[in-house]
Amino acid sequence: MTQPSPLEEQIHDSRPPALGMGRLVMVLYWLCGLWIFIESVALLFVRPNDAFVGPLLGSVLAGFLQITAAVAITHNGRRMRMIGWVTTLICLTAPIIVGIVSWGMPAFSVMRSAWGRFGVDYWYLPIVVNGIGIVWLWFSNPRRIVELAERIERVPLSHYGSE
């Protein structure tokens with residue numbers, strides 16, 4: 001059996017894999033993104049000459065952004081977290097903006113859309129899932145967790161009443 005090199009010993013990560021809520025958030029993102037993307041692409045092929053292709057292209061974009069956010073949340077690196085923040089914020093604000101802009105326009109309610117009418121066609125999941133994603137990205141930020149841990153380690157003994 002070969003001995004590990006000093007570099008391999010330094011790189012070895014002995015932490016167990018993350019389980020629990022993080023995995024649930026990832027699965028939720030992947031399922032929602034794939035559902036929106038596959039359904040909207042299928043509808044584009046079923047109705048290619050339809051007059052309401054715009055909402056379908058918006059749904060394709062919504063599904064693509066949701067899948068991109070799922071990749072970013074799953075990877076969880078520094079750059080991928082930035083991509084996750086951007087795509088999640090876009091996916092959270094877009095149904096709200098499109099819902100407000102299209103308020104009272106019955107033409108937008110004819111075609112199924114991920115962002116139309118605040119995401120009602122997808123059971124409001126575009127808003128709910130991305131709201132959960134924003135909360136998850138905030139609470140799982142490694143820098144914030146380290147800062148909190150350092151504050152706990154720096155508490156003076158006099159704070160606890162013993163001197």
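Start your tour by selecting Cys 91: at 1% relative accessibility, this cysteine counts as buried. Bear in mind as you click around that this is a predicted model.

**Stop 1: the two cysteines**

Keep Cys 91 on screen and add Cys 32. Cys 32 also counts as buried, with a relative accessibility of 3%. So do the two sulfurs bond? They don't, because the sulfur of Cys 32 is 8.7 Å from its closest cysteine sulfur, the one in Cys 91, and that is too far for a bond. A disulfide would need the sulfur atoms within 2.5 Å. Seen from the other side, Cys 91 is in no disulfide either, with the sulfur of Cys 32 as its nearest cysteine sulfur. The structure as a whole holds zero disulfides.

**Stop 2: zoom out**

Now show the whole chain as a cartoon. You should find six helices and zero strands, so reading from the N terminus the order is simply α-α-α-α-α-α. Colour by accessibility and you'll see that buried residues make up 30% of the 163 residues. For contacts between residues at least 6 apart in sequence, 65% join residues at least 24 apart.

**Stop 3: H2 against H3**

Select residues 21-46, which are helix H2, and residues 53-75, which are helix H3. In general, two packed helices are described by the angle between their axes and the distance between the axes. Here the axes come within 8 Å and cross at roughly 155 degrees. That angle makes H2 roughly antiparallel to H3. The crossing of H2 past H3 is left-handed. Colour the contact residues by class and you get 22 nonpolar, six polar and no charged residues.

**Stop 4: Ser 59, on H3**

Stay on helix H3 and pick Ser 59. Is Ser 59 buried or exposed? Ser 59 counts as buried, at 1% relative accessibility. Show what surrounds this serine, skipping residues up to four places away in sequence: Ser 59 touches Ile 36, Ser 40, Arg 112, Ser 113 and Ala 114.

**Stop 5: Thr 74, also on H3**

Slide along to Thr 74, another residue of helix H3. Thr 74 counts as partly exposed, at 37% relative accessibility. Leaving out residues up to four places away in sequence, Thr 74 touches Met 26 and Trp 30. For a distance label, try Thr 74 to Gly 84: these residues are ten apart in sequence, and their C-alpha atoms are 9.4 Å apart in space.

**Stop 6: Thr 87, on H4**

Next, go to Thr 87 in helix H4. Thr 87 is buried, with a relative accessible area of 6%. Which residues is Thr 87 in contact with, leaving aside neighbours within four places in sequence? They are Leu 65, Thr 68 and Ala 69. Draw a line from the C-alpha of Thr 87 to that of Leu 65: the separation is 5.8 Å, although the two are 22 residues apart along the chain.

**Stop 7: the loop between H4 and H5**

Helix H4 covers residues 78-101, and Arg 117 sits in the loop between H4 and H5. Check the backbone torsions here. Most residues other than glycine have a negative phi. Arg 117 has a positive one, near 50 degrees. This arginine counts as partly exposed, at 33% relative accessibility.

In the loop between H4 and H5 you can also click on Trp 123. Trp 123 is not a glycine, yet its phi is positive, at about 55 degrees. Trp 123 counts as exposed, with a relative accessibility of 67%.

**Stop 8: H2 against H5**

For the last stop, bring H2 back and add residues 125-139, which are helix H5. How far apart are the axes of H2 and H5? They are 10 Å apart, and the helices pack at an angle of about 145 degrees. This crossing is left-handed.

To light up the contact, select these two sets:

- On H2: Met 21, Gly 22, Val 25, Leu 28, Tyr 29, Cys 32, Trp 35 and Ile 36.
- On H5: Leu 125, Pro 126, Val 129, Asn 130, Ile 132, Gly 133 and Trp 136.

By class, the residues in the contact of H2 with H5 divide into twelve nonpolar, three polar and no charged. Two names on the H2 side may ring a bell. Cys 32 is part of this contact, and it is the buried cysteine from the opening stop. Ile 36 is part of it as well, and Ile 36 is one of the residues that Ser 59 touches.

Technical notes: Residues are numbered from 1 along each chain as its sequence is written. This is a predicted model: local features need pLDDT of at least 70, side-chain atom pairs count only at pLDDT 80 or more; totals for chains, interfaces and linings use all residues. Side-chain values use heavy atoms; hydrogens and water are left out. Buried means under 20% relative accessible area, exposed over 50%, partly exposed in between (1.4 Å probe, protein chains only). Axes are lines fitted to C-alpha atoms, for helices over the stretch in contact, and angles run from 0 to 180 degrees between N-to-C directions. Helices (H or I, at least four residues) and strands (E, at least two) are DSSP runs, numbered from the N terminus. Angles under 35 degrees count as roughly parallel, over 145 as roughly antiparallel, 65 to 115 as roughly perpendicular and the rest as oblique. A crossing is left-handed if the near helix is turned anticlockwise from the far one by less than a right angle, and right-handed if clockwise. Ala, Val, Leu, Ile, Met, Phe, Trp, Tyr, Cys and Pro count as nonpolar, Asp, Glu, Lys and Arg as charged, and the others, Gly among them, as polar. Contact means heavy atoms within 4.5 Å.
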